[in-house]
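Q: Please take a close look at one part of this model, a single residue and the element that carries it. Then set that part against the rest of the chain.

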Amino acid sequence: MGSRLPVASRFSSPDPLFGEVAPEIIEDALIHLAMENEQLLSALPGPAGCFKEARTVEFIFLLSEKWHLDHPARYQAVELLERFMIKQIEQICTSPRENIPTSEQGRSRNSVQEQIHDTFVLRLVSCIQLASKLSLHYNAVNSDTALKFLQSLKYSYTKQELLESELTVLETLQFQINVLTPLAYIELLLEVLGHNGCLLPAKPLHQMCVPLLDFLYLKRDTIYDTLLNIAIENLTPSELQIAKFLIVKEDLMLLAVGIISTSAFILNPEHWKKVQPFPSKLALRGERKWRLFICLSTTRSW
């Protein structure tokens, strides 16, 4: 008798199928994503991007790989952790302190900071668990697996504390955890390219886009710092310039176009200029797109 295949290999999600969606649906979806992207950019919190530090992203990627999670799950875990941490800090900063004596407010603030620091790895694991449940229902990271990992790092959490951590993330985000990632924008724009008669097939473009997106997540600060220096033609941007540049760093549609353009250049430099994912009515921030492409091309070191 042949051995049974492991669950991950029997039920692993297939690569995206391109060219199967009606043009009307593509257009509606593109407009919806563009509008949602604009809404997010219009209400950016000040700390946006602060919790996508390279070591944190690498931790999430390695742990997701250890648990056999797909790329959408790892990206979603990064975005969930970012949103949760920002929301948690906002709640702490806006919580009433009338009943705390002035002499003890500093000590109270330090206590809260220590609590955030001490539970950071626990919250990170909870975000990966939630992302796995959204992405791979048959391969979700259960409590036993997560607890075993935390115990290997010498943490003494119980299963109840692990469940409470998941609930804390859910409640803090008001159960809005199905967040969009750059990959969703990339895959939709590849559909647009196919509909517009792109000379490069969508499948190899997608296969190149995924490792490029991994690379950008891991080298995010370096790439965007380079982009800012190019944009202002100065190696020492002011605090105001850095603050204004935040909208570029958090623009998922811009990022998707830059990733696709760079992938097209790597696969076929002769045809990359013909890769135009945006219809004319949605040609947003075109100049930024090419600058982002330049940064991805010049900082790629693998």
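**Glu-191 and helix H9**

A: In this predicted model, Glu-191 is found in helix H9, which covers residues 182–195. Glu-191 is buried, yet it has no salt bridge. The nearest side chain of opposite charge belongs to Lys-203, and that side chain is 13 Å away. A salt bridge would need a side-chain nitrogen of Lys or Arg within 4 Å of a carboxyl oxygen, so Lys-203 does not serve as a partner here. Leaving aside residues up to four places away in sequence, Glu-191 touches Leu-17, Phe-18, Gly-19, Glu-20, Val-21 and Ile-26.

The helix around Glu-191 comes next. H9 has 14 residues and reaches 20 Å from its first C-alpha to its last, close to the 20 Å expected at 1.5 Å a residue. Of these 14 residues, 10 are buried, so H9 is largely enclosed by the rest of the structure. Along with Glu-191, the buried residues of H9 include Pro-182, Leu-183, Tyr-185 and Ile-186. Leu-188, Leu-189, Leu-190, Val-192 and Leu-193 are buried as well. The buried residues of H9 pack against four helices: H2 (23–42), H4 (71–94), H10 (202–218) and H14 (252–267). After H9 comes Gly-197, whose phi is positive, near 80°.

Pro-182, one of the buried residues of H9, also appears in the lining of the largest cavity. The model has two cavities of 30 Å³ or more, and about 80 Å³ of space lies in the largest. Other residues lining the largest cavity include Lys-52, Glu-79, Leu-216, Tyr-217, Arg-220 and Tyr-224. Lys-249, Glu-250, Asp-251, Leu-252 and Leu-255 belong to that lining too. H10, helix H11 (220–232) and H14 each supply at least two residues of the lining. H10 and H14 are also among the helices against which the buried residues of H9 pack.

Elsewhere in the chain, Thr-119 sits in the loop between helix H5 (102–118) and helix H6 (120–135). Thr-119 has a relative accessible area of 15% and is therefore buried, the cut-off being under 20%. The C-alpha atoms of Thr-119 and Ser-165 are separated by 9.0 Å, and these two residues are 46 residues apart along the chain.

For the chain as a whole, the secondary structure comes to 15 helices and zero strands. Buried residues make up 41% of its 302 residues. Among contacts between residues at least 6 apart in sequence, 81% join residues at least 24 apart.

Notes: Residues numbered from 1 in each chain as written. Predicted model: local features only at pLDDT ≥ 70, side-chain atom pairs only at ≥ 80, totals over all residues. Heavy atoms only, no water. Buried < 20%, exposed > 50% of the residue type's maximum accessible area, 1.4 Å probe, protein only. Lys, Arg positive; Asp, Glu negative; His and termini not counted. Contact = heavy atoms within 4.5 Å. Expected span 1.5 Å × (residues − 1). 1 Å grid on protein atoms, 1.4 Å probe; cavity = no way out; pocket = protein on both sides within 12 Å on 5 of 7 lines; lining within 4 Å. Points joined across faces, edges and corners; volume = space filled by probe spheres on them.
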